[in-house]
Amino acid sequence: TNDRESMNMDTAREYLQKYYGYPDFRDGQKKIVASLLTGQDTLGIMPTGGGKSICYQIPALLSPGLTLVVSPLISLMKDQVDALTTAGVAAAYINSTLSGKEVNERIRAAKRGDLKLLYVAPERLELDWFREEMAGLDISIVAVDEAHCVSQWGHDFRTSYLSVAPFVKGLPNRPIVAAFTATATPEVMEDMQRLLRLEQPQVFVTGLGRDNLEMAVLRGENKREFVLDYAASHTHQPGIIYAATRKEVDDLCQRLQAKGLLAGRYHAGMSDAERADSQEAFLYDDIRVIVATNAFGMGIDKSNVRYVIHYNMPKNMESYVQEAGRAGRDGEPSQCILLFSAQDIMTQKFLIEQNPQDGERKQNDYRKLQQMIDYCYTTRCLRSAMLDYFGEEHEDKPCGTCSSCTDDRELVDITVDAQKIFSCIHRMRERFGVSMIASVLKGSRAKKVLEYGFDRLPTYGVMSNRTEKEISETINVLISEGFLALTEGQYPVVKLQSEAADVLKGQREVMQRVPRPSKAAGSQRS
Ligand code: ADP
Ligand code: ZN
């Protein structure tokens, strides 16, 4: 069968050239197409813009029967079908915008074998009459787009996705099931396999760490100055600046325009027409930089975005990677810069608390937020950290381009500070959060500190030569390095981990990057 497979792949490539005009598959696409062509259920994880649609469209062309595509957005459905039809592929969609007569015509066309691809919304799979019609067809593949919608852990759970599995089960011959998404946390991956009832699926996670993207996390910048300077020195390049609030978007946009830059804005507070104008202007390079909330980006296909700056830390790694991934889709070098400040943590916690939802989901949100914070504090290679988070296999070597890899700041031995912090946490019985611990180490006279009698602890004021902010920073570094852990919830408590014990016993050193060459004893170059 090896010959047949390679023959299939040759035909697949031919079709790719013929219908799409692309010389070859991307690496991730090749594996997924090959997997589907050998008849295996397949789970493909790809970032937005990674080229998911081709992964099922090409196998659809090479399969004898119909490929049914489950797709959540009516507008995207229409765009896809239009593009396919233009390329000469027999495709159609059925959704609520059609009349009964139109729906019947399309089902008849499918029955005659005149269609290769049929797009439907998941809700349709719940209708008895539709299920019966489909059972009378020869369906080769069921492709589930945005498959993370089946999981409650994801960010947009849709109940109707739960009807995919029973739908497939009700078909006389089991088709191949292919599922696609850009979300790849372990919980969501598990849910997709289980709830879509994939049978021994081949799982491919690809393309998250596109090596043309230079990732950076900058802490302690004057954000506003940074953004204005950056945009001013990249006036010939398209860029996106994500900010957390509408107010911030308006303000930044105004300042950029005041500097004479071609800047526009995009957020949910603008009218539909205004937003469409902004989007258009950005697509056609009438504006260079767009300042936007995370409302911007769904369905945007601009390949030459040279930079994405996050003015605030997003709520989780999934959002971050999705938004940052809008840079450099053409494969050219591009920058993804996250401007982090501790205030962002407060903002995100506030948003989680604002959001009415049950305890379990809230805990999940807090856990994801903590992982995002860890990413902001890590001294590891950012690309490796990101790929590890999403479980994508990668070489165990630093990327060489991220802000950790190119960081030439002094790496300082902070073992003694770490010991002071750990011992203070221990004496405070592991019952307090970062800022309270910092206050005690600083020797603060704050009311709360005195009320608890912490001014009588031997560790009170042992770091009085630092600011509380600096002490908090160091504690956060120790958290992201795994020496400490935070409990979940709105007021997380710092807990000692077993690694901390090694440090207290003097069996392990701790290093931290510091902004300026430090005169601290024992400092050394990396
Ligand atoms: P996704 O659905 O994963 O967001 P799309 O399928 O819309 O991504 O593809 C994203 C972009 O990449 C599109 O512009 C598409 O034409 C392009 N693309 C996909 N596959 C290839 C390929 N093999 N070679 C060149 N361009 C490709
Ligand atoms: Zn790196």
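User: Which residues point one way from β6, which the other way, and are they buried or exposed?

Analyst: In this predicted model, Ile176, Ala178 and Phe180 point to one side of β6, while Val177, Ala179 and Thr181 point to the other, and all of them are buried. In a regular strand, side chains alternate between the two faces of the sheet.

User: What makes strand β6 largely enclosed by the rest of the structure?

Analyst: A residue counts as buried once 20 or more other C-beta atoms lie within 10 Å of its own. Six of the six residues of β6, which spans residues 176-181, are buried, and the strand is therefore largely enclosed by the rest of the structure.

User: How do you know that β5 and β6 pair, and what is the evidence for β1?

Analyst: Two strands are taken to pair if there are at least two bridges between them. Strand β5 (residues 139-144) is joined to β6 by four bridges and runs parallel to it, with Val144 standing opposite Ala179 of β6. Strand β1 (residues 42-45) also has four bridges to β6, again in the parallel sense, and the bridge partner of Leu43 in β6 is Ala179. Set against a requirement of at least two bridges, the four that join β5 to β6 and the four between β1 and β6 qualify both as pairings.

User: Why are β8 and β10 called edge strands?

Analyst: The open sheet of six strands has the order β8-β13-β12-β9-β11-β10, with parallel pairing. Strands β8 (213-219) and β10 (263-266) each pair on one side only, which makes them the edge strands. Neighbouring strands of this sheet are turned by 15° against each other on average, direction ignored.

User: What joins strand β12 to strand β13, and which residue stands opposite Ile337?

Analyst: Strand β12 (residues 307-310) and strand β13 (residues 334-340) run parallel and are joined by four bridges, and Ile309 is the residue that stands opposite Ile337 of β13.

User: Across which strands does helix α10 lie, and at what angle does it run to β10?

Analyst: Helix α10 (residues 246-258) lies across β9 (239-242), β10 and β11 (289-292), and it runs at about 170° to β10. Since angles run from 0 to 180 degrees between N-to-C directions, a value of about 170° for α10 and β10 falls towards the upper end of that range.

User: What puts the buried residues Lys223, Val227 and Ala231 on one side of α9?

Analyst: In helix α9 (residues 223-232), Lys223, Val227 and Ala231 are buried. They cover an arc of only 55° around the axis, and this places them on the same side of α9. An α-helix has 3.6 residues a turn, so residues three or four places apart point the same way. On the other side of α9, Glu225 and Asp229 are exposed, whereas the buried residues of the helix pack against β9, α10, β11, β12 and β13.

User: Why is helix α15 called mostly covered, and what covers its buried residues?

Analyst: Seven of the nine residues of α15 (residues 382-390) are buried, namely Leu382, Arg383, Ser384, Ala385, Met386, Tyr389 and Phe390. The elements that cover them include β7 (202-205), β8, α12 (317-324) and α14 (359-377). Just after α15, Gly391 takes a positive phi of about 70°.

User: How do you know that Asp114 is exposed?

Analyst: The cut-off for an exposed residue is 12 or fewer other C-beta atoms within 10 Å; Asp114 has 12, and so it is classed as exposed. Asp114 lies in the loop between α5 (100-111) and β4 (117-120), where it touches Ala90 and Ala109, not counting residues up to four places away in sequence.

User: Why is Ser435 called partly exposed?

Analyst: Ser435, in helix α17 (residues 434-442), has 17 other C-beta atoms within 10 Å. Because a residue is buried at 20 or more and exposed at 12 or fewer, the count of 17 for Ser435 falls in between, and the residue is partly exposed.

User: Which residues come nearest to ligand 1, and which helix gives the most to the shell?

Analyst: Of the 13 residues around ligand 1, Tyr22, Thr48, Gly51, Lys52 and Ser53 come nearest, and helix α3 (residues 52-62) gives the most to the shell, with three residues. By class, the shell has four nonpolar, six polar and three charged residues.

Technical notes
Residues are numbered from 1 along each chain as its sequence is written. Chains are lettered from A and ligands numbered from 1 in the order in which they are written. This is a predicted model: local features need pLDDT of at least 70, side-chain atom pairs count only at pLDDT 80 or more; totals for chains, interfaces and linings use all residues. Helices (H or I, at least four residues) and strands (E, at least two) are DSSP runs, numbered from the N terminus. Two residues are in contact if their C-beta atoms, placed from the backbone, lie within 7 Å. A residue is near a molecule or strand if its C-beta atom, placed from the backbone, lies within 6 Å of it. Ala, Val, Leu, Ile, Met, Phe, Trp, Tyr, Cys and Pro count as nonpolar, Asp, Glu, Lys and Arg as charged, and the others, Gly among them, as polar. The arc is that of the directions from the helix axis to the C-beta atoms.
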